[in-house]
Amino acid sequence: ALGVLGASTTKSTDALVDDVIAADFIVQPSGFVPFSTQVGDSIEEVPGVTLVSRIRQTPALVNGAESLVTGVEPETITQMQTTGIGSAALSPGGIVVDSETTAEEGLSVGDTVEVTWSGGVTDSLVLQGTYERQAALATSSGWGVPLATMEEAGLPAVDSFLFALLDPEADVDAALAATVFHSGQIPIPELKLSLATAGIEVRPC
């Protein structure tokens, strides 16, 4: 099942969240189970949705230590969250991390970071930027890489979170429907049967 959080319709009481997250709504799974990229594809097709940013998380060994690494789209994440880093810091071959981790591990920008992915592929990435932990790329994971790095390592193309920006006239109901239908949370044939039973005309499956 997927959950949808409205970041602009109902402002959080936590001012920090409001300051860090600029997305109008966030799609996230219950139980932290990754979901199909078709959910994001469907939301992108909804009129009035101006931007969708995909976020993926995966366990990996970072410099030999077990960590959770977050993959983001460099061209969209900075429009969704205030990270304090530019998209250039997430260029191919690069990795970013929060400033607390750099201090704890004695790292500096320009250092090489070894990342071994779940499939066994190891990448030597360059630390290209740091950020403050409260802007943690939508996750408690400090490490962040471009999505392309994960894809080149052969990791599954499944999303962990989605951020979306909307026009004021956007069809929010359609965007929300896209999340539940393509997640399988509400099977379309079951929905159509329920509507037909209620006397509402629908197209056959």
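How many salt bridges does the count come to? Five, and several of them meet in one place, as the points below go through.

1. **What you're looking at.** Keep in mind that this is a predicted model. The protein has 205 residues, and 42% of them count as buried. Its elements are seven helices and 11 strands. The accessible surface is about 10,400 Å², with 54% of that belonging to carbon and sulfur atoms. Take the contacts between residues at least 6 apart in sequence: 69% of these join residues at least 24 apart.

2. **How far to trust it.** The average pLDDT is 77, and 65% of the residues score at least 70. Among the elements, strand β7 (residues 112-116) has the highest mean pLDDT, 98, while strand β1 (residues 2-6) has the lowest, 48. Over residues 5-17 the pLDDT stays under 50, and the model has 16 contacts beyond four places in sequence for that stretch. I'd go easy on those contacts: where pLDDT is low, the predicted coordinates should not be read in detail.

3. **Arg54 and Glu44.** Now to the charged pairs. Side chains of opposite charge can pair when their charged atoms come close. Arg54 and Glu44 do this through their side chains, in a salt bridge with an N to O distance of 3.3 Å. Arg54 is in strand β4 (residues 49-62) and Glu44 in helix α2 (residues 38-44), so this bridge ties together parts 10 residues apart in sequence. The two ends sit in unlike surroundings: Arg54 has a relative accessible area of 7% and is buried, whereas Glu44, at 40%, counts as partly exposed.

4. **Arg54 again, with Asp159.** The side chain of Arg54 also meets that of Asp159 in a salt bridge, at 3.2 Å from N to O. Asp159 belongs to strand β10 (residues 158-159) and Arg54 to strand β4, so here the pair ties together parts 105 residues apart in sequence. Both Asp159 and Arg54 are buried.

5. **Asp159 and Arg56.** Asp159 has another partner in Arg56: the closest N and O atoms of this salt bridge are 2.9 Å apart. Once more, distant parts of the chain are linked, with Asp159 in strand β10 and Arg56 in strand β4, 103 residues apart. Asp159 counts as buried at 0% relative accessibility, and Arg56 counts as buried too, at 7%.

6. **Putting the pairs together.** Which residues do the shared partners join? Asp41, Glu44, Arg54, Arg56, Glu151 and Asp159 form one network through salt bridges that share partners. If you have the structure open, strand β4 is a handy place to start, with Arg54 and Arg56 both in it.

7. **Asp98.** Away from the salt bridges, have a look at Asp98, found in strand β6 (residues 94-98). Is Asp98 buried or exposed? Its relative accessibility is 2%, so Asp98 counts as buried. The side chain of Asp98 is joined to that of Thr101 by a polar contact of 2.9 Å.

8. **Asn63.** One backbone detail is worth a glance. Most residues other than glycine have a negative phi. Asn63 is not a glycine, yet its phi is positive, at about 50°. Asn63 is found in the loop between β4 and β5 (65-72), and with a relative accessible area of 35% Asn63 is partly exposed.

Conventions: Residues numbered from 1 in each chain as written. Predicted model: local features only at pLDDT ≥ 70, side-chain atom pairs only at ≥ 80, totals over all residues. Heavy atoms only, no water. Salt bridge = Lys/Arg side-chain N within 4 Å of Asp/Glu carboxyl O. Helix = DSSP H or I, 4+ residues; strand = E, 2+ residues; numbered from the N terminus. Buried < 20%, exposed > 50% of the residue type's maximum accessible area, 1.4 Å probe, protein only. Polar contact = N/O pair within 3.5 Å; in protein donor to acceptor, adjacent residues only side chain to side chain. Contact = heavy atoms within 4.5 Å. Areas by Shrake-Rupley, 256 points an atom, 1.4 Å probe, with all protein chains shown as cover. pLDDT = per-residue confidence, 0-100.
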